[in-house]
Amino acid sequence: MKEMKFVFGPVPSRRLGISLGISPIPKKTCNYSCVYCQLGRTNRMSNERKMFFPVNEIMDDFNEILKAGFAFDVVTIVGEGEPTLYLGMGELIEQLKEQTSKTIAVITNGALLYEPQLRRELAIADIILPTMDAYDERTLKSINRPHKEIHFPQVFEGLKIFSQEYLGQLWIEIMLIAGVNDDDVSLHKYAEMLAELNYQRLYLNTPIRPPAEKYVKQISEEKMSQAVEVLGGISLDFMVSEGFQSNLNDSYEAIMSIIKRHPMNQFEIKSFLKMRNEDAAAFLHRLESDIEVNVVDYKGYRTYRLR
């Protein structure tokens, strides 16, 4: 089977189960450059929605995967940046729904939800997962580092309107960073904002993969417990993800295809290769020597992602 240009996985998701990912935008194209981003700093900063690729080409990849018979729980439009920058989002969701009865989810930073057209396009998806890391202009700039055209009032107002209009499942996520937004004042601010929103789930996350900036650290278990109590959210567990899959027969090419969009640590790579009856040592050595691969030591893990 050919290498997929737009579809990847299935990969494990702590929120969604086994997810078949779809990336409708060019690599690291985003309107945010979040300090905690596991893909590193954004190098294609944009706030303009474009038809980066024809919908039919994305669907060709998707239909190939369907024919291969991979098991998955959900189709997740996630991208290697911000997927709502894709101008064909509405058409893509419509065609996916025609081809599969699986749940269709969209992971987004929520920055463009102030646009009525985008809200209409997302309305037909089953689950929307927007992040809500900031509670004012200062935290938006310090945590998410948005495009110059994006400001906090419009971002929050867009999320608020969408939460009132949307009939599907709205799962909000807050990324908590030690010493940045895990203090009592911040938690109180988040609680005030959440009171204005209609949502079904709140996930509380903290950076467990190597972030874009070295000073970004995960919060303590005590802080997470406090956040869960104050905000009523669900703490995402810290367990190693299992269940990575690839349609590629060559295991090294398969790993490269995965880490292009979803960084893997050494334990995840070993688990993936064990399912293929491959010896991990040679592959890890090759990854360490590959100039296209960025190897990051973080919290006792070696994580591999494309540069």
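The exercises below, each with a worked solution, concern a predicted model.

Residues are numbered from 1 along each chain as its sequence is written. In this predicted model, local features need pLDDT of at least 70 and side-chain atom pairs count only at pLDDT 80 or more, while totals for chains, interfaces and linings use all residues; side-chain values use heavy atoms, with hydrogens and water left out.

**Exercise 1. The sheet**

Task: State the strand order of the open sheet of 8 strands, and say which strands stand at the edges.

Solution.
- Step 1. Strands are DSSP runs of E with at least two residues, and helices are runs of H or I with at least four residues; both are numbered from the N terminus.
- Step 2. Two strands pair if DSSP finds at least two bridges between them.
- Step 3. The order in the open sheet is β1-β2-β5-β6-β7-β8-β9-β10, and the pairing is mixed.
- Step 4. The edges are β1 and β10 (234-235); each has a single partner strand, so one side of each is left without a neighbour in the sheet.

**Exercise 2. Two strand pairs**

Task: Compare the sense of pairing of β1 with β2 and of β5 with β6.

Solution.
- Step 1. In general, strands of a sheet pair through backbone hydrogen bonds, either parallel or antiparallel.
- Step 2. Strands β1 and β2 (residues 17-22) are antiparallel and share 5 bridges. Val11 stands opposite Ser19 in β2, and the hairpin that joins β1 to β2 passes through 3 residues.
- Step 3. Strands β5 (residues 74-77) and β6 (residues 103-108) run parallel and are joined by 4 bridges. Here Ile77 stands opposite Val106 in β6.

**Exercise 3. Burial in β1 and β8**

Task: Determine how many residues of β1 are buried, and describe the surroundings of Ile172.

Solution.
- Step 1. Buried means under 20% relative accessible area, exposed over 50%, and partly exposed in between, with a 1.4 Å probe and protein chains only.
- Step 2. In β1 (residues 7-13), 7 of its 7 residues are buried. Pro10 is found in this strand, and the peptide bond that joins Gly9 and Pro10 is cis, with omega about 10°.
- Step 3. Ile172 belongs to strand β8 (residues 169-175). It counts as buried because its relative accessibility is 0%.
- Step 4. Contact means heavy atoms within 4.5 Å. Not counting residues up to four places away in sequence, the residues that Ile172 touches include Pro130, Met132, Leu194 and Tyr203.
- Step 5. Ile172 and Gln200 are 28 residues apart along the chain, and their C-alpha atoms are separated by 8.2 Å.

**Exercise 4. The two sides of α10**

Task: Assign the buried and exposed residues of α10 to its sides.

Solution.
- Step 1. The buried residues of helix α10 (residues 280-289) include Ala280, Phe283, Leu284 and Leu287.
- Step 2. These residues lie on the same side of α10 because they cover an arc of only 100° around the axis; the arc is that of the directions from the helix axis to the C-beta atoms.
- Step 3. Ala281, Ala282, His285 and Ser289 are exposed on the other side of α10.

**Exercise 5. Salt bridges across the sequence**

Task: Locate the partners of the salt bridges of Glu121, Asp126 and Glu213.

Solution.
- Step 1. A salt bridge is a side-chain nitrogen of Lys or Arg within 4 Å of a carboxyl oxygen of Asp or Glu. The count by this rule is 6 salt bridges.
- Step 2. Glu121 meets Arg49 at 2.8 Å, N to O. Glu121 is in helix α3 (residues 116-122) and Arg49 in the loop between β4 (44-45) and α1 (55-68), 72 residues apart. Glu121 is buried at 9%, and Arg49 is buried at 11%.
- Step 3. Asp126 pairs with Lys97, with the closest N and O atoms 3.1 Å apart. Asp126 lies in the loop between α3 and β7 (127-130) and Lys97 in helix α2 (residues 89-99), so the pair ties together parts that are 29 residues apart in sequence. Asp126 is partly exposed at 27%, as is Lys97 at 33%.
- Step 4. Glu213 meets Arg145 at 2.9 Å, N to O. Glu213 lies in the loop between β9 (201-205) and α7 (221-231) and Arg145 in the loop between α4 and α5, so the pair ties together parts that are 68 residues apart in sequence. Glu213 is buried at 8%, whereas Arg145 is partly exposed at 25%.
- Step 5. Salt bridges that share partners join Arg41, Arg145 and Glu213 into one network.
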